[in-house]
Amino acid sequence: MASLYSTGLELGNLLLGSDLLDHSWDAISKLQKETFLEDPSLPFSVRYQLYEYPTKCSIIAFVCSPNCSVNHLQEEFKELVSLDGITSFDFLCNKSSSSISLHKAALTLFASLENELSLLKQQFTNSQPLIVTGHSLGGSVASLFTLGLLNSLPRYGVQRLLCITFGSPLLGNNGFQKAISESQTWSSCFLHVVSNTDPIPGFLISGHNANLTTSICYMPFGTYLFCSGSGFSCFEEPQSILELLMIMSSTCAESENLNNCSQVIDYGHSLEQLKSKAVCRGISELPDSISNPLQAGTYLLLEATRVGKLQENVNLSNLAMNIATRAEVQAKHKQKVFDPFKRLSITKKSMSYLEWYMKNSLEEAGYYDKYKTRRSRSRDEIESTENLIKHHRTLKLFWKRIVTEVENLPWKEGRKLRKRCLYAATSYRRMVEPLDIAEYYGRGKKDYVSHGRSEHYKLLEKWSTDENVHTYQRSQASSLTVDSCFWAYVEEALISCEVLKDGQSSLEEQESARGNLIKFEEYVMNMINNFLVSPEIFLPQSSFMLWWKEYCIVVGNSYTSPLSNFMKDEFHRYV
């Protein structure tokens, strides 16, 4: 959301100029009057209600009972609870992320409504604009419900969903923030409105809460709209948000008793005040060091918190510039986030070159062996080899980065992206990994699959397996051998033949080599029967044909097997 705007003030102007915030707070106020205000003694609980607005926008509002604020932030519900074993949010987890934990009070409230909310979630289609909103811990429940919706909606449906919270406390730890921010679309669906007179949003990190041992674990996510009597500004950078929350909460605690803050702060009144005022006072009223609108908005926000009066030796202009600069750097970084699919076309040149090289190698020993035994005998061959190595490295670096990016995404979004690039990824693996195998065995090494294979090849192969890429029946030979490790198995079979021929190996080594060769025979025959190997393996000078000659010497002329029968009578017809 905020990445579309150059400053937090621009985004703030857009939001305050729309009806989104007004409609959201109206829904919250209406629900509060209909439920808890009539009976403020109701137990620890949360309520929700669906409202339809004339603009064809639906709003689901969440509010908690009046005793759900400070009491449940201070006492037994203050700690973080790990999501391990909680299936409702297992879609947030991925293999490389940190452990994900949530605020216990928020998770408890959400669990109390989980069955009802599951039914509610099914009512919404991806074509229906929806705002999910909530106040205080009700906002935390609104955020959790929104995450469930994001997980169930198709990618294009996410654009019609927005979660707006008012005065909501921090919800989860760094792992939770990371899981949301790594999604390309989810983070922009959350807007948190915070008033400088409301201590609740920053309570879990503020200095006055000395009993909170896990304070450093909480981390904000999404966009924050900070409001004061003087102005407003928006931030997405987590550290800037944490710093502002801590300042605002601590200064609020200095001026009033936190335990009396259960009274609902009228965010509607705050929004009306901001609409009636200029976004920024005249530049003449600001320090000369303030140089842009984001710094100006941050300065006014800090000034409204009276941090300069309540804390000695605080230079407001320097503090504002530091916070704003950090947010600007984060915004620029987000604009440079690696998008693998926009750059996928760049790899076409390298893949095209490898295809050309493969086609021209058929007159010799084949693609794998031409690269393995490459000898530059002319200027053209030297140039061809250098270009091949360059394109080989370009493709490896590119796909390693893609795999890392996709694997770091939440499971559902990661799976969608894996499906999008699966064809290109599979072609890359089948064409490029044989070159890695050739280099590996060319250096005299052994057991590539266990000791030399790159992790990104293993993951790419798993993507194919998970999507059942090879389930269909082939009727003709593949142009690329389907198993990208085929040539590694050929090399190991050659090594096993040497073990049986050298006369110096132990009986145990020889027995192991015979077993490996029998397994390799069965593997090759299965690949042939299912047309999973390229015809190039039968070229006279290929490593496979070299293995076959060596194997025939080892087993003798009288040996028969399905593979030996095929090699005698049928391999020249394999197409």
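**Group meeting talk: a walk through the sheet, the helices and the cores**

Okay, let's begin with the sheet. Seven strands make up an open sheet, in the order E1-E2-E5-E6-E7-E8-E9, and the pairing is mixed. At the edges sit E1, residues 46-53, and E9, residues 232-235, and each of those pairs on one side only. On average, neighbouring strands here are turned by 20° against each other, if you ignore direction.

One thing before I go on: what you're looking at is a predicted model. For the overall picture, the protein has 21 helices and 9 strands. It has 575 residues, and 51% of them count as buried. And if you take the contacts with a separation of 6 or more, 76% are between residues 24 or more positions apart.

Now let's zoom in on strand E5, residues 130-135. How many of its residues are buried? The count is 6 of the 6, so E5 is largely enclosed by the rest of the structure. You can see that from either face: Leu 130, Val 132 and Gly 134 are buried on one side, and Ile 131, Thr 133 and His 135 are buried on the other.

Who are the neighbours of E5? In the strand order, E5 comes between E2 and E6. With E2, residues 57-64, E5 runs parallel, and 5 bridges join the two. If you want a pair to click on, Phe 62 has Gly 134 in E5 as its bridge partner. With E6, residues 161-166, the pairing is also in the parallel sense, over 6 bridges. There, Val 132 stands opposite Cys 163 in E6, and His 135 stands opposite Phe 166 in E6.

Then there's a helix to look at, H5, residues 137-152. Helix H5 lies across E1, E2, E5, E6 and E7, and it runs at about 150° to E5.

Let's go over to the edge at E9. Strand E8, residues 223-227, pairs with E9 in the antiparallel sense, over 4 bridges. Here Cys 227 stands opposite Phe 232 in E9. Although E9 is an edge strand, both of its faces are covered: Phe 232 and Cys 234 are buried on one side, Ser 233 and Phe 235 on the other.

I've mentioned a few cysteines, so which way does the disulfide count go? It comes to 0. Take Cys 163, the one opposite Val 132. Its closest cysteine sulfur is in Cys 189, 9.1 Å away, and that's too far for a bond, because a disulfide needs the two sulfurs within 2.5 Å. Looking from Cys 189, the closest cysteine sulfur is the one in Cys 163, again 9.1 Å away and too far for a bond. Both residues are buried, by the way: Cys 163 has a relative accessible area of 0%, and Cys 189 has 4%.

Next, one residue that ties a helix to this region. Leu 21 is found in helix H2, residues 20-34. Is Leu 21 buried or exposed? At 2% relative accessibility, Leu 21 counts as buried. Not counting residues up to four places away in sequence, Leu 21 touches Leu 15, Leu 16, Ile 164, Phe 166, Leu 191, Val 193, Leu 225 and Leu 271. Phe 166 should sound familiar: that's the residue opposite His 135. Val 193 is 172 residues from Leu 21 along the chain, and their C-alpha atoms are separated by 8.9 Å.

A quick stop at helix H4, residues 104-121. Where is the kink in H4? It's centred on Glu 114, and it's about 65°. Plenty of names to look up here too: the buried residues of H4 include Ala 105, Leu 109, Phe 110, Leu 113 and Leu 117.

Last topic, the cores. In soluble globular proteins, nonpolar side chains tend to be buried together. In this model, the largest nonpolar core has 66 residues, and Phe 486, Ile 528, Phe 538, Phe 544 and Trp 547 have the most contacts inside it. Helix H15, residues 411-442, gives the most to that core, with 12 residues. Let's pick out Trp 547: leaving aside neighbours within four places in sequence, Trp 547 is in contact with Ala 493, Leu 494, Cys 497, Leu 517, Phe 520, Glu 521 and Leu 563. There's also a second, separate core, with 40 residues, including Val 46, Phe 62, Ala 142 and Leu 161. And Phe 62 brings us back to where we were earlier, since its bridge partner in E5 is Gly 134. That's my tour, thanks!

Conventions
Residues numbered from 1 in each chain as written. Predicted model: local features only at pLDDT ≥ 70, side-chain atom pairs only at ≥ 80, totals over all residues. Heavy atoms only, no water. Buried < 20%, exposed > 50% of the residue type's maximum accessible area, 1.4 Å probe, protein only. Pairing = 2+ DSSP bridges. Axes fitted to C-alpha atoms, helices over the stretch in contact; angles between N-to-C directions. Contact = heavy atoms within 4.5 Å. Bend = angle between axes of the 7 residues up to and from the residue. Core = buried A, V, L, I, M, F, W, Y, C linked by side-chain atoms within 4.5 Å.
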